[in-house]
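Please examine the following model with attention to how its parts are placed against one another. The explanation below proceeds from a pair of residues to the surrounding sheet, and then to a separate site.

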Amino acid sequence: MDFSELVALYEKLESTPKRLEMTDYLAAYFKEVPKTKIRRVVYLIQGILVPEHQGVELGVADKLCMRAIANASGQSIKNIEAAFRKKGDLGVVAQDAMSKKTQTTLSSSELSVDKVYDNLFKVATASGAGSQDHKIKLLSELFSSSAPLEAKAIARFVTGSLRLGVAEPTIIDALSVWSVGDKSAKEDLERAFNLTSDLGWVAETLFEKGMESVKTFSPTPFHPIRPALAERLPSAEKIIEKLGTASVEAKYDGLRLQVHKKGDEVRIYSRRQENVTPMFPDVVAATKKQFAAKDAIFEGEAIGVDAAGKFVAFQETVQRKRKHGVAEAAQQIPLKLFCFELLYADGRDLTNEPYQLRREELEKRVRKGTVLDVAATHLVSDSKELETLFDAFVGEGLEGVMAKDLEAPYVAGARKFAWIKLKRSYASNLADSLDVVVIGFYYGKGKRTKFGFGGLLTAVYDESSNQFKSIAKIGTGFNEEQMSAFRELLEKDVVPEKPKNVDCLIVPDEWVKPKHVVTVVADELTRSPTHTAGWKDQEGLALRFPRLKGFVREDKAAKQATTVKEVLDLYDLQRSRSG
Ligand code: ATP
C-alpha cells in the first residue's frame, strides 16, 4: 500500500471543511485499503501511531525534524531554519526542500504505509544514549525517499501539526458507509469505539470479521472506556420532574479516574484516557486491597483530604498529576477515591444494566479502608429534599450534587440526562463554569508588558463542524505567575495563521494550536456579533465579564471542552432562570 495514496487523501481532507465531503473521501479510500493495513491507516488519519492510552508519544521537536530535513535534502541546517522562520510551517519547509532535491536528482517516491509507520514507531520508542541521532537517521531516511507532498505530510505528522480537520465521528461515518453503504451502522461502531477508545482496533475488526463482530465489543480491562457525562438543569424541581426518583450523590470537585484491574495488575486512566497509573500509587495499592473482584473496571472521583480531614481544592488535588514528586504529594495530600460506577466485573459487562444494579454491585465490592469509598448517595423523589441535600453537600465544601437516573445504562462517551449536575453557581446568571479552549493570546500592555502576556482568546467546541468557535477574550483572573506560565506554555504552540479548525472573527496577537483547556467563570452569556459560538442571524454568544479560574485543565483534551450545544443549553437555562 503506497504512502502516496494516503497523502493524496490527506490533501483532499485538508482541502475541505465539509464533513460530508470528508466522509466521501474517506469511504472511497477505505475501499482500496487491505484489511491487514486498515488499523495503521486509521491511526495515521487520526494523527497518532497507537491510541493515546498506550502512551507512545512521537514528540519530535521542530529542531530535530529540521535536522532530518537538512540531512535528506542536502541543504544546510541554517537554510532550513531560515526557511522555517519565514514560512512558520515545517510541512511546507520539508516540501520545498524535497522538491528542490527532486529536481536535481529525479528520485521518485518509494514509500509504503508500512515503511512510514515502522520508522515513525521506531522514532517514537527510541530512547537512551544516541537516541536523538537515531531518530534523525530514521526520519532522514523517510524524507530521502519522499516526494515533496509526502515530506510535507511526514513533517507535519511528526511535529503534531497535521491539519486534516477530520474527527473520529467522521471516520466512523466513513467506516459505516464502507461497510453497509450508508450511515446506519454508525451507532454500533460508535459504541465499540466508546468502549475501547481504539478506532484502529474497531476498524480492523470490521474489515476482518464484519459488523456482527463489531457489535460484540464489550468493556476490556486496560482499554479505557470513554466517560459518560452529565447534563445540566436549572433547579432541583426540574431534576425531579425529569427523573422522578433519583440517586442523588455528592459531587466531588476532584479528578475523575477510571480504574482497571486485571488480576494483580492495576492501571488508572484519566478523563481523557491517558494512562496515569504512576501518579496514583496509593490508589493502585488500595484497589488491590479494597476492591473485591479479580477483574474490574470502575470509576470514581479522586480528591485530596488535608490533615484536618477537609477536602482540598481541585487545583491542589491536580498537583498530583505532575509527574515529579508523586511520593511527597501522596504524603502531603492523601487522596480518597469516591467510587460511583462499576462498568465491568469478572467477565460481566455491566454497561447495559440499570444504574441501580451497577451501584449495588459496586457497593458489594468496595471493602472498608482508607482510600476507596463509595460516593455518598440518597434516594430522592422530592425536590425540597433534593434542595436540602444540595445545601448540606455544599456546606461540607463539595461542589453540588449529581442526580442519576436509576434505570439508565452507562452510555459511554455521551452527555445524557442519565446524570444531571446541579452545582453551586459561581456567578449570578450563568449556571456553570465553562471549559474553553485557548485559540490565541495577546501581548501584555502597561503593567503586563514584562510578562509578554495580556490575556487569552478562547473558544468552545462545535461537534457538528469539528471546529472551535470563539466565545470570549479573557483578561482577568490571572496572577503574575500564571501570566508568565501562560506565555511560556503558549509560545510553543504558536501557529502562523488561524488554524483550519478555528472559526473566529477577531484576530489575537498570536494564534495557537487549539489544545489547552481552561476554566472560565462569567456573569452571563450575551448575544454578540464578535464571537462565533452558536452563530445565528449574524450574532453568536459571548461570555460577559469572563474570569479565569485556575490554570490549564490537563485532564481535558480540547475536544472535551464545553461544546456549542452546551453553551446554547446554558443560554436557555439562563433565560429560564431570569424568567
Ligand atoms: P464534564 O465531565 O461534564 O465534561 P467537568 O469535567 O467540568 O464536566 P462537571 O461538569 O463539574 O465536570 O461534572 C461532571 C464531573 O463530575 C464528572 O466527570 C466527574 O469527574 C465529577 N463527579 C464528581 N462526583 C461525581 C459523582 N458522584 N458521580 C459522577 N461524577 C462525579
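Val401 stands opposite Leu422, a residue of strand 11. In this predicted model, the strands involved are strand 10, covering residues 400-405, and strand 11, covering residues 415-423, which pair in the antiparallel sense over five bridges.

The pair belongs to a wider arrangement: an open sheet built from five strands, ordered 1-11-10-2-9, in which the pairing is mixed. At the edges of this sheet are strand 1 (229-232) and strand 9 (377-380), each of which pairs on one side only. With direction ignored, neighbouring strands of the sheet are turned by 40° against each other on average.

A helix accompanies part of this sheet. Helix 21, formed by residues 564-577, lies across strand 1 and strand 11. Relative to strand 1, helix 21 runs at about 30°. Strand 11 is thus a point of reference for two descriptions: strand 11 pairs with strand 10, and helix 21 lies across strand 11.

Attention now turns to another site, that of Gly91. This residue lies in helix 6, which spans residues 90-105. Is Gly91 buried or exposed? Its relative accessibility is 0%, and Gly91 therefore counts as buried, the cut-off being under 20%. When residues up to four places away in sequence are not counted, Gly91 touches Lys152, Ala155 and Arg156. As for Ser4, which is 87 residues apart from Gly91 along the chain, the C-alpha atoms of the two residues are separated by 15 Å.

Note on methods
Residues are numbered from 1 along each chain as its sequence is written. This is a predicted model: local features need pLDDT of at least 70, side-chain atom pairs count only at pLDDT 80 or more; totals for chains, interfaces and linings use all residues. Side-chain values use heavy atoms; hydrogens and water are left out. Helices (H or I, at least four residues) and strands (E, at least two) are DSSP runs, numbered from the N terminus. Buried means under 20% relative accessible area, exposed over 50%, partly exposed in between (1.4 Å probe, protein chains only). Contact means heavy atoms within 4.5 Å. Two strands pair if DSSP finds at least two bridges between them. Axes are lines fitted to C-alpha atoms, for helices over the stretch in contact, and angles run from 0 to 180 degrees between N-to-C directions.
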